[in-house]
Amino acid sequence: MDELLNTPAIAHGLRKVETRIRRLAGSSALPGINAGADRIITAGGKRLRPALTLATSLAFGKTPDRRVITAAACVELIHAGSLVHDDLMDHAMQRRGARTLNAELGEGKALVIGDFILARAGLAAITAVSRPVAEVLAATVVELAEGQFLETADQFNRERTVESALRSITGKTAALFRASCLVAAICAHASDEDRARMALYGERFGLIFQILDDLLDLTAPTERLGKPAGNDLRQGVYTLPVLRAMAKDPSVLHDDVDATLAALRETTIVGDTLEHCRGLASDALSALPVIHDRDIAAIMYGLPTAYIDHVERQTLTRAS
Ligand code: GRG
């Protein structure tokens, strides 16, 4: 997947996005806030969402201009701010291979630095991109919060439904992927139909991304995850792959997390989840508008499947 996104046009745009992200994250009058925001921003991260924004701009035949670069930076800042809040809620100690803000600075400072990052993205969107883009991003933050709330409300609920989990991940993850594409479509003045098509593509890709993240939490080795496998189960989060396995055989869920992990490994959870994601990838590709640039079309058409294949290789490595 990295190779796919590593085309010169996207790599060039991402360097500009990086500069913009760092400038925005370091723009508080308070050095303590800048230091904290810089910590999460510079700790790493794949920059997948801003890469999608740039790819969408190019798909509509537009070289990403200053507004698109800022929109892409805002998307990544919203992602980073939500990670800070997520770590706070989970009392997580590690993120992107570094200590979390809550571990390093305490929960109170982490909370307001997360708020600062989110608010700074909103301010940049309204002042340096456009009102429609700012509206999309603000609505996305609402969806993130709602998706996360639904997950929290369902913790340790053995009756959690597949529909409820799907609604939660649509809000907490897929909405930002959708926005990553939509903001570039808006900046490109794409037609309403093409905006809706790109938004659907982003949303389906976001669902795939989260469902596979949930699968890896059950199957990937600790070294890759940076945390022990089964973290979601330990937190009482019954994710979509688990709920679908439970629908086939409710006895896979045990009180002991390691017993549940062992039982799940005896099921067809990996194959079933990959198949589910391949169906979502097919929806994503069907949604794409006409893309004239062959290189960008190859990226957009290739991305969802490339990511699924990448995760499949990881799960196979684990099994052998
Ligand atoms: C008020 C915006 C706001 C947030 C509160 C905490 C919260 C609601 C939402 C959390 C949403 C969340 C953390 C979803 C998980 C998404 C996910 C799969 C993150 C990992 O993304 P990667 O792999 O991370 O792209 P990197 O580090 O590569 O950027």
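The second largest cavity in this predicted model has a volume of about 50 Å³. Its lining is formed by E151, R160, A165, S168, I169, K172, Q210, D214, V237, T239 and L240. Two helices, α9 (162-187) and α10 (192-219), each supply at least two residues of this lining. The largest share comes from α9, with 4 residues. By class, the lining of the second largest cavity comprises 4 nonpolar, 3 polar and 4 charged residues. Among the charged residues that line this space are E151, R160, K172 and D214, while S168, Q210 and T239 belong to the polar class.

In total, the structure contains 2 cavities of 30 Å³ or more. Such empty space is revealed by rolling a probe the size of a water molecule over the atoms.

The largest cavity encloses about 80 Å³ of space. The residues that line the largest cavity are R39, I40, A43, V84, D87, R95, A98, R99, T100 and L101. Three elements, namely α3 (31-42), α5 (66-90) and β2 (98-99), each contribute at least two residues to this lining. The lining of the largest cavity divides into 5 nonpolar, 1 polar and 4 charged residues. The polar residue is T100, and the charged residues are R39, D87, R95 and R99. The nonpolar class is represented by I40, A43, V84, A98 and L101.

Technical notes. Residues numbered from 1 in each chain as written. Predicted model: local features only at pLDDT ≥ 70, side-chain atom pairs only at ≥ 80, totals over all residues. Heavy atoms only, no water. 1 Å grid on protein atoms, 1.4 Å probe; cavity = no way out; pocket = protein on both sides within 12 Å on 5 of 7 lines; lining within 4 Å. Points joined across faces, edges and corners; volume = space filled by probe spheres on them.
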